[in-house]
Amino acid sequence: MSEALAGRVASNGNNGGPAARHPVQSNGRLERQTAVAALSPSAMHEHVDRALEEVDFPAPADAERLVEAARYALLDGGKRVRPILVMACAQAFGVPVSSVMPTACAIELIHTNSLIVDDLPAMDNHAKRRGRLTLHRLYGDDIAILAGCALLSEAQRLILQDQPGSAELRNRVLREVLDATGTAGMVGGQFLDVTKYLPDDREDLERVQMLKTGSLIRACVRCGTLLADSRIDHAFDGFAKSLGALFQVVDDILDETGKARWLGKIPGSDRRMGKLTHVTMFGLERARERAKELYEHCLVSLEGIASTTPGPTEPLQEITEMVYRRER
Ligand code: GRG
């Protein structure tokens, strides 16, 4: 990106680097404010959409189509659950959301890459995503793969170059993200998915789903709290695990019951592809019961979080509601 994203989003007229705009305490973590105006998830959504528009993909002459493809996949239509989660966690500690924006955006870039890869003919072969043609259907597999690679590289640059905080903190955040995305996380989970791994029981299914989906959601919470509090709080991590599992159960339910018009993709693909999900393994009713159970776990964790954090936690409750009750 051409200039510090964090500063742009804060837009306070200060021309210093990200660290100057967002003072860093002696322990390396981001400065808290005593009275942070609580931003709602929908306000955070607007902030992150604007910041994503600003992400720069430096490219050589004649590679405009590559940048256009990366931006097509990244912009418009995403719910932005992951970046909003990073911001809401920071806000719970009284840290302004603008100061975690580079990491929030980086995670959305990585998520977008995973959707591009997942949609490819060699994987799930989806034609529609976010209500539009998938990237490879519009640009071809070759450009879609390269655009996905560009998103991964730029994500790492955002954290290393633009995220305010000490170098050690940025490294810890990047490590969290890499742990969540690599073979011990999303890539490993996707491998099990495409090689049609058969989980033994619900626990095993949730282990695989945690790798593929939950690990990045958990990383959002871990990065948000690391940046704001220099450590990973046990209660936040418990919340993150339940939320990650909840996200995927609801996804399984929507794949069975959702309407294409709302989902923005063609439902029923899990069943068609013979995938084992909460619905195909245990039926719709038990999947719904499990979603309710995980939703309640999230709320219990949030009660503990609300009693110990200095900033507003209502947005985390709102995100939990959104994830549980979403229709797309
Ligand atoms: C990231 C290095 C790297 C590799 C990716 C392809 C792959 C490896 C993993 C697949 C992960 C995957 C697609 C999991 C499904 C997660 C999921 C339920 C996605 C839908 O997320 P939403 O509903 O989508 O937040 P929007 O469109 O709102 O952003």
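In this predicted model, the axes of helix α16 (residues 284-308) and helix α17 (residues 314-325) come within 10 Å. They cross at roughly 175 degrees. Angles over 145 degrees count as roughly antiparallel, so α16 is roughly antiparallel to α17.

Which residues of α16 and α17 make the contact? From α16 come Ala 291, Lys 292, Tyr 295, Cys 298, Leu 299 and Leu 302. From α17 come Leu 316, Gln 317, Thr 320, Glu 321, Tyr 324 and Arg 325. By class, this contact of α16 with α17 has 7 nonpolar, 2 polar and 3 charged residues.

Next, the ligand site. There are 20 residues around the ligand. Lys 79, Arg 82, His 111, Arg 130 and Gln 190 come nearest. For three residues, the table gives the distance from a polar side-chain atom to an oxygen atom of the ligand.

| Residue | Distance to a ligand oxygen atom |
|---|---|
| Lys 79 | 2.5 Å |
| Arg 82 | 2.7 Å |
| His 111 | 2.7 Å |

How much of the ligand does the protein bury? Taken alone, the ligand exposes 760 Å². The protein buries 91% of that area.

Several helices line the site. Those giving two or more residues to the shell around the ligand are α6 (101-119), α10 (186-194), α11 (202-229) and α12 (234-257). Helix α6 gives the most, with 7 residues. By class, the shell around the ligand divides into 6 nonpolar, 7 polar and 7 charged residues.

Notes:
Residues are numbered from 1 along each chain as its sequence is written. This is a predicted model: local features need pLDDT of at least 70, side-chain atom pairs count only at pLDDT 80 or more; totals for chains, interfaces and linings use all residues. Side-chain values use heavy atoms; hydrogens and water are left out. A residue is near a molecule or strand if one of its heavy atoms lies within 4 Å of it. A polar contact is a pair of N or O atoms within 3.5 Å; within protein, one must be able to donate a hydrogen and the other to accept it, and residues adjacent in sequence count only if both atoms are side-chain atoms. Accessible areas come from the Shrake-Rupley method with a 1.4 Å probe; for residues, only the protein chains shown count as cover. Helices (H or I, at least four residues) and strands (E, at least two) are DSSP runs, numbered from the N terminus. Ala, Val, Leu, Ile, Met, Phe, Trp, Tyr, Cys and Pro count as nonpolar, Asp, Glu, Lys and Arg as charged, and the others, Gly among them, as polar. Axes are lines fitted to C-alpha atoms, for helices over the stretch in contact, and angles run from 0 to 180 degrees between N-to-C directions. Angles under 35 degrees count as roughly parallel, over 145 as roughly antiparallel, 65 to 115 as roughly perpendicular and the rest as oblique. Contact means heavy atoms within 4.5 Å.
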